Amino acid sequence: AVVSTQSTGSEVQAMQFEEPIAEMVYSHDHRDGAKRKSFKKMQDFQHAGEPQQLKKTDYSFEELSGMSVKSAPKQHGGFYRPERYEGLPVVDACQAVQCHLNLAVIMDSSGSVGYQDYQLELSFVKTLLEILAIKAHDAGVTVCTGIVSYSTRVRVEVDPCCQNSFCSVVDRFRERRLSYNPGSTNTNGALKVARQMLQAAASYKKVALLITDGKSNTGGSPISFAQRMREEDGIDIVALGVTRYVNERELKGISGMEFVTRIDVFDEFHELATILLEANSVGSEYELETSFEEICSEEDSTFQLECERKEPTDEEVCTWGAWSNCVRKKNKRCFQTRTCKLDGGVTETEKRECECSGASNFMSALRVSSVRSRAR
């Protein structure tokens, strides 16, 4: 992602990069303690800093492509719900919906952005979604996409539980269905809605992309809530600040990074989109549109703003095997285990204490099992 760009006219004098946003969505390796690295030419692009140890949800794009979407982990613990007095949308859970990646895009439409600049913001998000669509299609990665727009009020533009395809979501941008709604900047409220989205569906990885033009000025500070999202749910938050007057402390607190991802003016969205295309080996905007249209020609889906929530069916629940023989451990206590399998893979393991019935160790347990088999 572009950390900062400074330009005179159309000539870009200096650029600083971390990973492009489209790559950060899949492999967000530069969390707390990341370092910036400068590049003056896009051809010199490379990943900056040393990757940190991966958390449970910090899967790379390559790792996601090799995982079974039917085994995507469900939400552990309770689901977050805002207080009624906050007047925020409630996004109900849909754990029957399974995806490799759950992505929530959060777009600032506050009054300081202005109508024309909001259109540039929409154009950038559209390009990003098209890039992700091509990468996901080629790798067989399922993406659940949610979109939030906000000013004083927070609006759900795309519900991830409705399983809308990238094609139908991008059509919303082309048809100008995402309207400009000026007001104050309620970033905290927008994060609260995005967290519900990211908890709703079962997924391996959760990412929130926040695009804001400046300081939040209503709904409270978003920093502590963003920290809860990262620590309690393993959500990666990519914060892209726009304009020269971004509150750097707030963006650092939201993303958990020591650098600020920023572009100085909305006109540079086009420059950032071009960098994303080259960094992700997609090619020109024409090649992007052509590849995206080829993908969309294979499907016939319609956009849904609201959809029915379903609980996981029996077919989506793993099957428990029989308990193992009772085995005495070194502490002289005896245990037996069983596993739960889905699509041939072990998804859960249970252990319980038992009576050893004379079997003193693992080899004894095997001999007892062998004798029982011959007796049958």
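This is a tour of a predicted model, going from the whole chain to helices H3, H4, H9, H5 and H6.

**Settings**

Residue numbers start from 1 along each chain as its sequence is written, and side-chain values use heavy atoms, with hydrogens and water left out. Because the model is predicted, local features need pLDDT of at least 70 and side-chain atom pairs count only at pLDDT 80 or more, while totals for chains, interfaces and linings use all residues.

**Whole protein**

Start with everything selected and a cartoon display. The protein has 10 helices and 13 strands; these are DSSP runs numbered from the N terminus, with helices (H or I) of at least four residues and strands (E) of at least two. Of its 376 residues, 51% count as buried. Buried means under 20% relative accessible area, exposed means over 50%, and partly exposed lies in between, with a 1.4 Å probe and protein chains only.

Switch to a surface. About 18800 Å² is exposed, and carbon and sulfur atoms supply 45% of that area. Accessible areas come from the Shrake-Rupley method with a 1.4 Å probe, and for residues only the protein chains shown count as cover. Among contacts with a separation of 6 or more, residues 24 or more positions apart account for 73%; a contact means heavy atoms within 4.5 Å.

**Stop 1: H3 and H9**

Select residues 115–139, which are helix H3, and residues 285–296, which are helix H9. Two packed helices are described by the angle between their axes and the distance between the axes. Here the axes come within 10 Å and cross at roughly 55°. The axes are lines fitted to C-alpha atoms, for helices over the stretch in contact, and angles run from 0 to 180 degrees between N-to-C directions. The crossing angle therefore makes H3 oblique to H9: under 35 degrees counts as roughly parallel, over 145 as roughly antiparallel, 65 to 115 as roughly perpendicular, and the rest as oblique.

The H3 and H9 crossing is left-handed, meaning that the near helix is turned anticlockwise from the far one by less than a right angle (clockwise would be right-handed). Show side chains for Lys126, Thr127, Glu130, Ile131, Ala133, Ile134 and His137 of H3, and for Leu288, Glu289, Ser291, Phe292 and Ile295 of H9; these make the contact. By class, the contact of H3 with H9 has six nonpolar, three polar and three charged residues. Ala, Val, Leu, Ile, Met, Phe, Trp, Tyr, Cys and Pro count as nonpolar, Asp, Glu, Lys and Arg as charged, and the others, Gly among them, as polar.

**Stop 2: H4 against H9**

Keep H9 and add helix H4, residues 166–174. The axes of H4 and H9 come within 10 Å and cross at roughly 125°, so the two helices are oblique to each other. This crossing is left-handed. On the H4 side, select Phe166, Cys167, Val170 and Arg174; they meet Glu289, Phe292, Glu293, Ile295 and Cys296 in H9. The contact of H4 with H9 divides into six nonpolar, no polar and three charged residues.

Now look at H4 alone. Seven of its nine residues are buried, so H4 is largely enclosed by the rest of the structure. The buried residues are Phe166, Cys167, Ser168, Val169, Val170, Arg172 and Phe173. They pack against H3, strand S5 (143–150), S6 and H9.

**Stop 3: the loops beside H4**

Select Gln163, in the loop between strand S6 (154–158) and H4. Its phi is near 55°, a positive value in a residue other than glycine. Gln163 is exposed, with a relative accessible area of 55%.

Then select Arg176, in the loop between H4 and H5. Arg176 is not a glycine, yet has a positive phi of about 55°. At 62% relative accessibility, Arg176 counts as exposed.

**Stop 4: H5 and H6**

Select helix H5 (187–200) and helix H6 (residues 223–233). H5 and H6 pack at an angle of about 15°, with axes 10 Å apart, which makes H5 roughly parallel to H6. H5 passes H6 in a left-handed crossing. Asn188, Leu191, Lys192, Arg195 and Gln199 in H5 meet Phe225, Ala226, Arg228, Met229, Glu232 and Asp233 in H6. By class, that contact has four nonpolar, two polar and five charged residues.

Colour the buried residues of H6: Ile223, Phe225, Ala226, Met229, Arg230 and Asp233. Their cover includes H5, strand S7 (202–212), strand S8 (236–242) and helix H7 (248–255). End on Gly234, which follows H6 and has a positive phi near 65°.
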